[in-house]
Amino acid sequence: AFAAALVIVGMPRLAGAGWTQILAPLAHLGAGQIALLVAVWLAGLIAHTPSLVAALPGLSHVRALQLNLTGSFVANLLPFGGAGGTLVNWSMARAWGFGPGAFATWAILTNVADTTVKLILPVLALTWLSVSRHGLDPWLTTSAVAGLLALVALATATWLIARDERLTRGLGRAAARLLLRVRPGAAVADLDERLAAVRHECLSVGGAGWSRLRHHPPLGGALI
């Protein structure tokens with residue numbers, strides 16, 4: 001119901017047009033074309049749910065689909081919607097009985113995975129476009145290099161944090177000092193311990209989830 005309300009109310013604001021204008025192009029499509037579009041859309045959503053389930057043990061595929069729909073819609077609808085989408089997902093996960101630690105692990109794992117894929121695909125596409133032309137387009141080349149550098153930076157940071165717990169604790173202590181300057185009296189005494197615990201949980205859940213994804217085909221598992 002919440003997701004439906006978001007779509008009904010939010011879509012016209014997001015598109016800057018009424019529902020009549022939004023639906024008008026569909027009148028030019030045949031039933032087969034609309035069915036194909038819906039099938040592709042549903043297949044994309046279903047294919048994504050196994051990774052969400054793997055990152056939050058105990059989450060069903062139906063609820064993973066609900067998290068995906070509501071979080072993505074809020075993120076695309078509002079300014080700085082990523083934070084809003086995460087808050088909506090947290091409220092839903094808490095209502096289902098998941099604790100803050102499990103949700104934090106889920107949010108970190110899924111966001112790192114999503115960001116990695118979002119960087120890889122454009123880098124590949126821009127690289128292909130850049131080299132497939134007779135003359136290299138400076139804009140495409142620059143964008144491809146920037147995306148590649150961002151991907152390398154993300155991979156390096158993830159590898160370093162996964163490899164050495166001391167880095168995580170150091171980041172926690174640095175963050176604690178910064179928070180105390182911004183907000184004196186903030187409860188940050190054991191922030192490094194909490195971050196270390198989240199790191200350990202991410203490695204544990206991520207390893208187990210990857211093992212499940214390797215042994216069970218994603219689309220088949222999503223239909224269970």
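Read from the N terminus onward, the protein chain of this predicted model runs through the pattern α-α-α-α-α-α-α-α-α-α. The tally is thus easily stated: 10 helices and zero strands. The chain has 224 residues, and 25% of them count as buried. About 14600 Å² of the protein chain is exposed, with carbon and sulfur atoms supplying 71% of that area. As for how the chain meets itself, when contacts between residues at least 6 apart in sequence are taken, 54% of them join residues at least 24 apart.

A good place to begin in the interior is the largest nonpolar core, which holds 16 residues. Within this core, the residues that touch the most other members are L56, L59, A64, L67, F98, F103 and W106. Four helices each supply at least two core residues, namely α3 (31-55), α4 (61-77), α5 (81-95) and α6 (100-132). The most generous of them is α5, which gives four residues.

L59 offers a helpful view of this packing. With neighbours within four places in sequence left aside, the contacts of L59 are L52, V53, A64, L67, W96, F98 and W106. Among these partners, A64, L67, F98 and W106 also belong to the group of core residues that touch the most other members.

A polar side chain is worth a look here too. N89 is found in helix α5, the helix that gives the most residues to the core. N89 counts as buried because its relative accessible area is 8%, under the 20% cut-off. Not counting residues up to four places away in sequence, N89 touches L67, T70, G71, F103 and W106. Three of these names will be familiar from the core: L67, F103 and W106.

Attention can now turn to empty space. Rolling a probe the size of a water molecule over the atoms reveals where such space remains. The largest pocket has a volume of about 1500 Å³, and 47 residues line it. Nearest the centre of this pocket lie I108, L109, T110, N111 and V112. Two or more lining residues come from each of α3, α4, α5, α6, α7 (138-163), α8 (165-182) and α9 (191-215). Helix α6 provides the largest share of the lining, with 14 residues. Sorted by class, the lining comprises 26 nonpolar, 18 polar and three charged residues.

Core and pocket can also be read side by side. Helices α3, α4, α5 and α6 each supply at least two residues of the core, and these helices also appear among the elements that give two or more residues to the pocket lining.

Definitions and conventions:
Residues numbered from 1 in each chain as written. Predicted model: local features only at pLDDT ≥ 70, side-chain atom pairs only at ≥ 80, totals over all residues. Heavy atoms only, no water. Buried < 20%, exposed > 50% of the residue type's maximum accessible area, 1.4 Å probe, protein only. Contact = heavy atoms within 4.5 Å. Areas by Shrake-Rupley, 256 points an atom, 1.4 Å probe, with all protein chains shown as cover. Core = buried A, V, L, I, M, F, W, Y, C linked by side-chain atoms within 4.5 Å. 1 Å grid on protein atoms, 1.4 Å probe; cavity = no way out; pocket = protein on both sides within 12 Å on 5 of 7 lines; lining within 4 Å. Points joined across faces, edges and corners; volume = space filled by probe spheres on them. Nonpolar A, V, L, I, M, F, W, Y, C, P; charged D, E, K, R; others polar.
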